[in-house]
Amino acid sequence: MSTPHVDGHAQHLQVGHAPSLPPTERSFIGLRFGVLGCVWLIVIVMGITIGSVTVSLSDAYKVISGETVDAVVYTIVHDIRIPRTITAVVVGAAIGVSGLIMQTLFRNPLADPYVLGISSGGSLGVALVIMGSGALSTAYGAEFTSSLGLSGQFAIVIASAIGSGVVMALVLGIGHIIRSSAVLLLLGVMIGYFVSAFISVLIAYAEPALVAQFTRWGFGSYTGVTWDRIGILVGIILVGLAIAFSLAKPLNALLLGERYAQTMGIEMRTMRWALIAITSILAGVSNAFCGPIAFIGIAVPHVTRGVMGSSDHRVLIPGCILGGGAMALLADVIAQQPGTGVLPINAVNAAFGAPIVIVILLRWYRGMEDR
């Protein structure tokens, strides 16, 4: 695979003792972080106040501060919009950082967690639960599947996490044998195709109602995470993001290639395992709770590089956390607009992400022609 262009910032990155940025550049990046943070806060306010029913800022503040407010407004803000907003922000951050790690590891501008088949593995787990519960209900009665909990949202979360974990383990096992990240990327794509083929077979023999249920899950949504589950989602993702940030210096070295990283004392096989594992956790948990969320993993890292004007992962990882959360939540706000019903979140993501991917492809093609 071709290697994407590495800008001048990467040439000055070191692993052991990364140099401090000049004061003017620090202030410049700090200003951009300030703007990005303001955008992030504005989108959060939009997520809480804007939707099929508009809620005033004063009413939203009363709910958050615990003051007395209309019961309907309280239910909308406290039980629906705040959990949905938190979910979109943390999941967008997780997928954005996962995409950044994969693009650095595979040195490919179109890499993201889903090319490793992680999303397909989670989808397979959900398909087995939905289609399998329907078959068991037909054979043994609804009481059988209800007693196993196969028809609930929790079963879908568990199944998706297990499916993602199985594919992650398979990719990690292959990574133990194969040293080439490019080959591992292609194998991940093939694993994803194989798993998707199995899902297609399940769909072909399933009842139409079950197919419709699985299709709705496949659209992706931030509305299914309630207060009793949001702590698990946020806790796992925050730990994953902290680990990802701790790997910023090795990721900087990878910008200049695996050989350069090895000369800086990085054991590439161990590092590759660590990066794939953290990406699988971030993307797998997001997929388990919200369904497959498309385009965020590809688009956010490129937008963040452009906004921050840097290839330093100490800058890009926090930038992707803010940018990914803002982009995911903004897409959800657009999907919830009055008069449109509730649009599939991935349809809105595609409207944002597809043009970005097209621009990336055109720039990549021009770069190959110039060589």
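Helices (H or I, at least four residues) and strands (E, at least two) are DSSP runs, numbered from the N terminus. On that basis the protein chain has 15 helices and zero strands. This is a predicted model, in which local features need pLDDT of at least 70, side-chain atom pairs count only at pLDDT 80 or more, and totals for chains, interfaces and linings use all residues. Residues are numbered from 1 along each chain as its sequence is written, and side-chain values use heavy atoms, with hydrogens and water left out.

**Overall packing**

- Of the 371 residues in the protein chain, 47% are buried. Buried means under 20% relative accessible area, exposed means over 50%, and partly exposed lies in between (1.4 Å probe, protein chains only).
- The exposed area of the protein chain is about 17,000 Å², with 70% of it supplied by carbon and sulfur atoms. Accessible areas come from the Shrake-Rupley method with a 1.4 Å probe; for residues, only the protein chains shown count as cover.
- Contact means heavy atoms within 4.5 Å. Taking contacts between residues at least 6 apart in sequence, 80% join residues at least 24 apart.

**Nonpolar cores**

- A nonpolar core is a set of buried Ala, Val, Leu, Ile, Met, Phe, Trp, Tyr and Cys residues joined through side-chain atoms within 4.5 Å.
- The largest one has 93 residues, and Val-91 and Ile-237 touch the most other members. Helix H3 (residues 71–105) gives this core its largest share, 16 residues.
- Beyond its neighbours within four places in sequence, Val-91 contacts Tyr-222, Leu-233, Ile-237, Ser-286, Cys-290 and Ile-293.
- Another core, of five residues, lies apart from the largest; Ile-29, Met-308, Val-315 and Leu-322 are among its members.

**Helix H8**

- Helix H8 spans residues 208–218, and its buried residues are Leu-210, Phe-214 and Trp-217. They line one face of the helix, because seen down the axis of H8 they fall within an arc of 55 degrees. The arc is that of the directions from the helix axis to the C-beta atoms.
- Pro-208, Ala-209 and Arg-216 are exposed on the other side of H8.
- Gly-220, just after H8, takes a positive phi of about 85 degrees.

**Asn-287**

- Asn-287 sits in helix H12 (residues 268–290). Its relative accessibility is 0%, so Asn-287 counts as buried.
- Outside its neighbours within four places in sequence, Asn-287 contacts Tyr-114, Ser-119, Gly-122, Ser-123, Ser-160, Ser-164, Trp-217 and Pro-292. Trp-217 in that list is also one of the buried residues of H8.

**Salt bridges**

- A salt bridge is a side-chain nitrogen of Lys or Arg within 4 Å of a carboxyl oxygen of Asp or Glu. The count comes to two.
- One joins Asp-332 and Arg-84, with the closest N and O atoms 3.0 Å apart. Asp-332 belongs to helix H14 (residues 313–335) and Arg-84 to helix H3, so the pair ties together parts 248 residues apart in sequence. Asp-332 and Arg-84 are both buried.
- Arg-314 and Asp-312 form a salt bridge too, at 2.4 Å from N to O. Arg-314 is partly exposed because its relative accessibility is 25%. Asp-312, at 3%, counts as buried.

**Cysteines**

- The structure holds zero disulfides, a disulfide being a pair of cysteine sulfur atoms within 2.5 Å.
- Cys-38 is partly exposed, at a relative accessible area of 46%. Cys-320 is buried, at 0%.
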